[in-house]
Every structure is written in structure tokens, then in C-alpha cells.
Amino acid sequence: MKTLLIVILLSLFPLLVGCTANGELKKTKLTNQKVVIAHRGASGYLPEHTMASKAMAYAMKVDYIEQDLVMTKDDHLVVLHDHYLDRVTNVAEKFPKRSRQDGRYYVIDFTLAEIQTLDMTEGFSIKEGVLAANYPDRFPIWQSKFKVHTFADEIELIQGLNKSTGKNVGLYPEIKSPIFHILNGKDISKAVLLELKKYGYSNQDSKVFVQSFDANELIRIKMELMPELGIDLKLVQLIAMTSWKETVNIKDGAAKPYSYDWMLKPENMSKIAQYANGIGPWKPMLITQSENSKFAKSNGLTEAAHKAGLLVHPYTFRADKGEVPKYAKDFPTLLRFFYFEIGVDGIFTDFPDKAVDVLSSEAQN
Ligand code: G3P
Ligand code: CA
């Protein structure tokens with residue numbers, strides 16, 4: 001009997017080992033498919049969208065680095081989140097007479113040469129005449145020297161690092177406010193696509209996701225611009241709350257906020273899948289929370305997006321004080337919850353090293 005038991009166990013041994021190895025392989029593969037997107041670079045540590053923050057993100061072993069893109073007066077693409085210069089540069093001090101009536105300094109009113117005379121810093125605001133950092137615990141404002149750079153500068157940095165390290169870190173450019181640019185006589189989407197094509201990004205295998213909040217513009221990119229340029233890149237539909245007035249459409253000469261409400265309905269994921277490869281929702285859009293906000297679970301949007309063949313890359317994960325919701329005990333728990341319980345495919349984060357750690361420790365467990 002004992003001998004029989006040993007024989008049975010021995011005959012099962014390869015199968016058992018195979019199962020474990022297979023299971024681990026499968027887990028590693030699944031974990032490896034999940035990505036970390038450095039939101040505005042390693043912006044939790046160095047001023048957003050500076051070359052330094054991009055190099056730091058690269059060294060943190062991220063999969064993608066984000067570029068928010070706006071256009072200058074002389075048609076250069078620069079890497080800035082706002083189409084204003086006043087939140088992250090000393091434009092008000094250097095060009096005091098160049099604001100518009102609303103008091104803002106528009107990138108589109110300045111040449112690249114003018115913009116490159118400015119100093120760049122951590123995001124700040126002015127309250128009652130006093131300048132204050134938007135994130136007081138981050139890199140100090142006006143410390144060290146940073147400059148605004150072009151999309152081409154950043155592509156060359158990332159491609160150079162890809163060559164010197166043998167890695168293949170991707171780009172994740174966002175076309176900012178396409179309608180605003182078009183109303184000011186600039187086809188920013190076409191300019192972004194031309195730049196990507198020039199640097200060798202041309203098809204669905206290219207390591208790039210082009211993102212925008214503007215659904216109509218993404219459809220134009222998919223159906224008109226990319227075929228015209230002979231390229232076909234992966235697209236991501238960003239989703240905003242309608243109340244943010246993120247996108248404005250011009251109808252009968254009047255500006256109307258675009259309604260995103262349809263994008264929050266699981267049954268509409270297949271509509272997005274007709275033109276995009278993924279969605280980029282605000283993270284609360286993927287969950288329902290208990291009344292006391294201590295518990296959260298999927299609301300079904302991620303599953304519906306996956307069923308429609310879409311990737312899900314929510315934004316923005318921040319480890320700063322007060323930024324971790326009550327349903328997670330700390331930042332790594334929040335990341336694990338979204339990666340492994342909600343099941344998202346990637347996340348935008350200002351603290352990319354922490355997301356890389358979560359993915360690599362999961363792969364090892
Ligand atoms: O593009 C994803 C995320 O960056 C969207 O938010 O405002 O930081 O561009 P925002
Ligand atoms: Ca963005």
C-alpha cells in the first residue's frame with residue numbers, strides 16, 4: 001500500500017511541479033502585461049514635465065512616460081500640461097504685459113525662443129498675493145533650474161536612453177485642447193502625428209499610446225488623419241466628468257461643454273472600441289464605494305471595457321498627504337487594489353517607483 005502511494009505521488013510529481021511552474025509563469029505573464037505610466041514624468045519627486053523628471057521616471061523602470069502637448073505661436077510642440085504658462089513658469093515676471101484679458105499667459109501667444117527664456121518650477125498658485133506650492137511636500141518651488149522643452153527633445157531623450165540601456169520605454173502623448181488649438185488656427189493633432197511618424201512610430205506595434213479627452217478628435221485621428229499620413233497608432237479615450245468642462249464643442253457658433261455621461265455606461269464601451277484601443281478614466285469612475293467610503297468594489301466598467309477589447313488605464317495615483325482614499329490603508333494597497341482587484345491594465349502615477357515595486361513584488365509572490 002505504502003509503495004503504491006509512493007508510486008502514485010511520484011507519477012503526479014511532474015504534474016504538480018508543472019502546475020505550480022505554469023501557475024507562476026501565468027501570474028508573471030499577467031503581471032508583466034500590466035504597465036506603469038509616469039504621469040508628467042516622476043512628477044511626485046521633480047517638477048512635472050521637466051527633462052529631469054522624465055530621466056528620473058526612466059530610471060525607475062517605467063513602461064511609458066507621459067507627455068502633455070500644447071503648441072507655441074510658431075508651431076512648435078512643447079511638453080506642458082496647461083495651455084497657459086503661468087502655473088509652472090516665471091512668465092508673469094518676465095513678460096508682465098503679455099497676459100490676455102482673463103489674466104492668463106497663453107502658450108500659443110509666445111514663440112518657442114521666448115518660452116525657452118523662462119524658468120520652470122513645481123506647480124504653484126498665488127493666494128492673496130502670496131505664492132504657494134500646490135504640493136508643499138514635493139520638490140521646492142524655484143529651487144534649481146529647469147526649462148520648458150519640446151516634444152522632439154523628449155522623444156530624443158527617451159530614444160537615446162532606449163539605445164543606451166537596451167530597454168524600450170514608450171511614449172504616452174496627450175493632445176491637449178485640440179478645439180482650442182484649431183480655433184487658433186493650429187492643427188495640433190496632425191502636428192503630433194507627424195512628429196511621431198518622423199521618429200519612427202507608425203503602427204499598432206509601436207510603443208506609443210496617443211491620448212485625448214476629445215472623442216470627436218480621436219475619431220478624426222482614426223478615420224482621417226492617420227490614414228492620410230499612412231500610420232495607425234494605438235489611441236486612448238480619456239474620460240472626464242462632464243462638470244469639469246474639459247472639452248468644449250462649438251455648435252451653431254456657441255461653445256457647449258461636451259457630455260461624457262455616455263462613456264460611463266458599460267454598454268457603450270463597444271462604441272469607444274470602434275476608434276480606440278483603451279480608455280483612460282478618472283479612477284473613481286471604475287468603482288462604487290460604501291456610504292462611509294471605507295469599502296470599494298468594481299462598478300463593472302473595467303469588465304465591460306475588457307469585454308469590448310479595450311485596455312483600462314485610470315488616472316491619477318498620487319501618494320501625497322490626503323490623496324489616498326479611505327478604502328485603502330496606504331498607497332501600495334491602493335495600487336494593488338486597482339491592479340489586481342479592479343483588474344486595470346495600467347495606471348498613471350506621479351510616483352512611478354511605487355507602482356513598479358507593487359508589480360515586481362506581485363510577480364515574485
Ligand atoms: O492623461 C491622463 C491624465 O494625465 C489626465 O489628466 O489633467 O493630468 O492630463 P491630466
Ligand atoms: Ca495628461
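**Entry 1: the calcium ion**

I began with the calcium ion (ligand 2) and looked up what holds it in this predicted model. Its protein donors are Glu66 and Glu174, each through OE, and Asp68 through OD. They lie 2.1 to 2.4 Å from the ion.

Next I checked the geometry. The site has 6 donor atoms, and the angles among them run from 60 to 153°. I noted the site as irregular, because opposite donors would have to be over 155 degrees apart for six to count as octahedral.

Then I went to the sequence. The donor residues follow the spacing E-x1-D-x105-E. Glu66 sits in strand 2 (residues 64-71) and Glu174 in strand 6 (residues 170-175), so I wrote down that this pair links distant parts of the chain, 108 residues apart. Are Glu66 and Glu174 buried or exposed? Both are buried.

**Entry 2: the largest pocket**

I moved on to open space in the protein. The largest pocket has a volume of about 550 Å³. I found 28 residues in its lining, and the closest to the pocket centre are His39, Arg40, Tyr315, Thr316 and Arg318. Sorted by class, this lining holds 14 charged residues, with 7 nonpolar and 7 polar ones.

Two of those central names made me look again. Tyr315 and Thr316 are joined by a cis peptide bond, with omega at about -25°. Thr316 belongs to the loop between strand 14 (311-312) and helix 11 (331-342).

I also took a distance from Arg318, another of the residues closest to the centre of the largest pocket. The C-alpha atom of Arg318 is separated by 34 Å from that of Met226, and the two residues are 92 apart along the chain. Where is Met226? I found Met226 in helix 8 (residues 215-229). Met226 has a relative accessible area of 0%, so it is buried.

**Entry 3: the second largest pocket**

The second largest pocket contains about 230 Å³ of space. I counted its lining as 17 residues, with Ser177, Lys245, Glu246, Thr247 and Val248 nearest the centre. Three elements give two or more residues each to this lining: strand 6, helix 6 (178-183) and strand 9 (248-251). Which of the elements gives the largest share? My note says helix 6, with 4 residues. By class, I have 9 nonpolar, 3 polar and 5 charged residues here.

Strand 6 was already in my notes, as the strand that holds the calcium donor Glu174. Ser177 lies in the loop between strand 6 and helix 6. I checked the backbone of Ser177 as well: phi is near 45°, a positive value in a residue other than glycine.

**Entry 4: another positive phi**

I noted His49 for its backbone too. Its phi is near 60°, again positive in a residue that is not glycine. His49 lies in the loop between strand 1 (35-38) and helix 2 (51-59). Why does His49 count as buried? The relative accessible area of His49 is 0%, and buried means under 20%.

**Entry 5: aromatic rings**

I looked up ring contacts next, and the structure holds 18 aromatic pairs. One of them is Phe124 with Trp142, which I recorded as tilted: the centres are 5.7 Å apart and the planes stand at 50°. This pair links distant parts of the chain, with the two positions 18 residues apart in numbering. Phe124 is in strand 4 (residues 124-127), while Trp142 is in the loop between strand 5 (130-133) and helix 5 (151-165).

I compared how open the two partners are. Phe124 has 7% relative accessibility, so it counts as buried. Trp142 has 37% relative accessibility and therefore counts as partly exposed.

There is also an aromatic cluster made up of Tyr64, Tyr172, Phe209 and Phe348. Tyr64 falls in strand 2 and Tyr172 in strand 6, the strands that also hold Glu66 and Glu174.

**Entry 6: an exposed glycine**

My last stop was Gly200, found in the loop between helix 7 (188-198) and strand 7 (209-212). Is Gly200 buried or exposed? Gly200 counts as exposed, because its relative accessibility is 55%. From Gly200 I took one more distance: its C-alpha atom and that of Val356 are separated by 27 Å, with the residues 156 apart along the chain.

How values were computed. Residues numbered from 1 in each chain as written. Chains lettered and ligands numbered in written order. Predicted model: local features only at pLDDT ≥ 70, side-chain atom pairs only at ≥ 80, totals over all residues. Heavy atoms only, no water. Donors = N, O, S within 2.8 Å, 3.2 Å for Na, K, Ca; no water. Tetrahedral: all angles 85-135°; square planar, octahedral: opposite > 155°, others 65-115°. Buried < 20%, exposed > 50% of the residue type's maximum accessible area, 1.4 Å probe, protein only. 1 Å grid on protein atoms, 1.4 Å probe; cavity = no way out; pocket = protein on both sides within 12 Å on 5 of 7 lines; lining within 4 Å. Points joined across faces, edges and corners; volume = space filled by probe spheres on them. Nonpolar A, V, L, I, M, F, W, Y, C, P; charged D, E, K, R; others polar. Phe/Tyr/Trp six-rings, centres within 6.5 Å; stacked < 30°, edge-to-face > 60°.
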